[in-house]
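This note is offered to a colleague who is meeting the structure for the first time. The points below concern charged side chains and one further residue that deserves attention.

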Amino acid sequence: FDIANNRLTGDIPIEHLNKLTQLEYLSFYSNHLLKPGPIPDLRMLSNLKEFNMMNTARTGILPSWLGELTKLVLLDLQSNRLNSTIPSELSHLSDLEFLLLNDNHLNGNIPEELGNMSKLEILLLDQNDLTGQTDTLCNLKEKIVIIADCETELSCECCSECCSDDNPKKCYDTGWLSFHGPEWEDHYSRNVFHYEEHPRNLP
């Protein structure tokens, strides 16, 4: 269910969406005219493989119930106004490969439990107010891409890129996209996850 890149307004119809229990793909990407509010409670959609709420005027906390969507492969919440800590329950997403939380107002320490997400390939944390150490992320597989504000706010020995609020144009990851056209075949088939000239295919 892809309604990305529109000019939708008003509230997100949570009650109706929660009836689509077999839904595997949900993208609201770039509907910044939606009424500002929290991430909609869609925990009933337990078959979701992708949940994209990038740039949709989401505010408030990053909810712990997201950890119940255990089939997720991609979770994209970047470019919103979320202003809480990162819940440790996200580590329950054992199939997650792409976690995009950049360009928010997230704060506090990065949960150690994220270091147990063995399938994670891309983790974007920059343009937040996170502090502390990220040593446990170094336990993840070698090919993981981690981008964070580790020049000033975080200590991250294994980050792929270190960003800084003092030099926002240096490495902020505007090239990371997760909405390029899905290919629908006889059943669910994911689109390309693209970074500049280097596409990555999701299963």
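1. The model is a predicted one. A convenient place to begin is Asn18, which touches Asp41, Leu42, Arg43, Met44 and Leu45, leaving aside residues up to four places away in sequence. Asn18 itself is located in the loop between helix 1 (14-17) and strand 1.

2. Is Asn18 buried or exposed? Its relative accessibility is 17%, and because buried means under 20%, Asn18 counts as buried. Among the residues it touches is Asp41, and here a polar atom of the Asn18 side chain lies 3.0 Å from the backbone oxygen of Asp41.

3. Asp41 also takes part in a salt bridge. Its partner is Arg43, and the closest N and O atoms of the two are 2.8 Å apart. Asp41 counts as partly exposed, at 28% relative accessibility, and Arg43 likewise counts as partly exposed, at 34%. Both Asp41 and Arg43 appear in the list of residues touched by Asn18.

4. Arg43 has a further salt-bridge partner, Glu68, with an N to O distance of 3.6 Å. Which parts of the chain does this pair tie together? Arg43 lies in the loop between strand 1 (25-27) and strand 2 (50-52), while Glu68 lies in the loop between strand 3 (59-60) and strand 4 (74-76), so the pair links parts that are 25 residues apart in sequence. Glu68 is partly exposed, with 44% relative accessibility.

5. Taken together, these contacts join Asp41, Arg43 and Glu68 in a network of salt bridges. Arg43 belongs to both pairs, bridging to Asp41 and to Glu68.

6. How many salt bridges does the structure hold? There are 3, and one of them pairs Lys119 with Asp95, their side chains meeting at 2.9 Å, N to O. Lys119 sits in the loop between strand 7 (107-109) and strand 8 (122-124), and Asp95 in the loop between strand 5 (81-82) and strand 6 (98-100); the pair therefore ties together parts that are 24 residues apart in sequence.

7. The accessibility of this last pair should also be recorded. Lys119 has a relative accessible area of 37% and is partly exposed. Asp95 is partly exposed as well, with a relative accessible area of 28%.

How values were computed:
Residues numbered from 1 in each chain as written. Predicted model: local features only at pLDDT ≥ 70, side-chain atom pairs only at ≥ 80, totals over all residues. Heavy atoms only, no water. Salt bridge = Lys/Arg side-chain N within 4 Å of Asp/Glu carboxyl O. Buried < 20%, exposed > 50% of the residue type's maximum accessible area, 1.4 Å probe, protein only. Helix = DSSP H or I, 4+ residues; strand = E, 2+ residues; numbered from the N terminus. Polar contact = N/O pair within 3.5 Å; in protein donor to acceptor, adjacent residues only side chain to side chain. Contact = heavy atoms within 4.5 Å.
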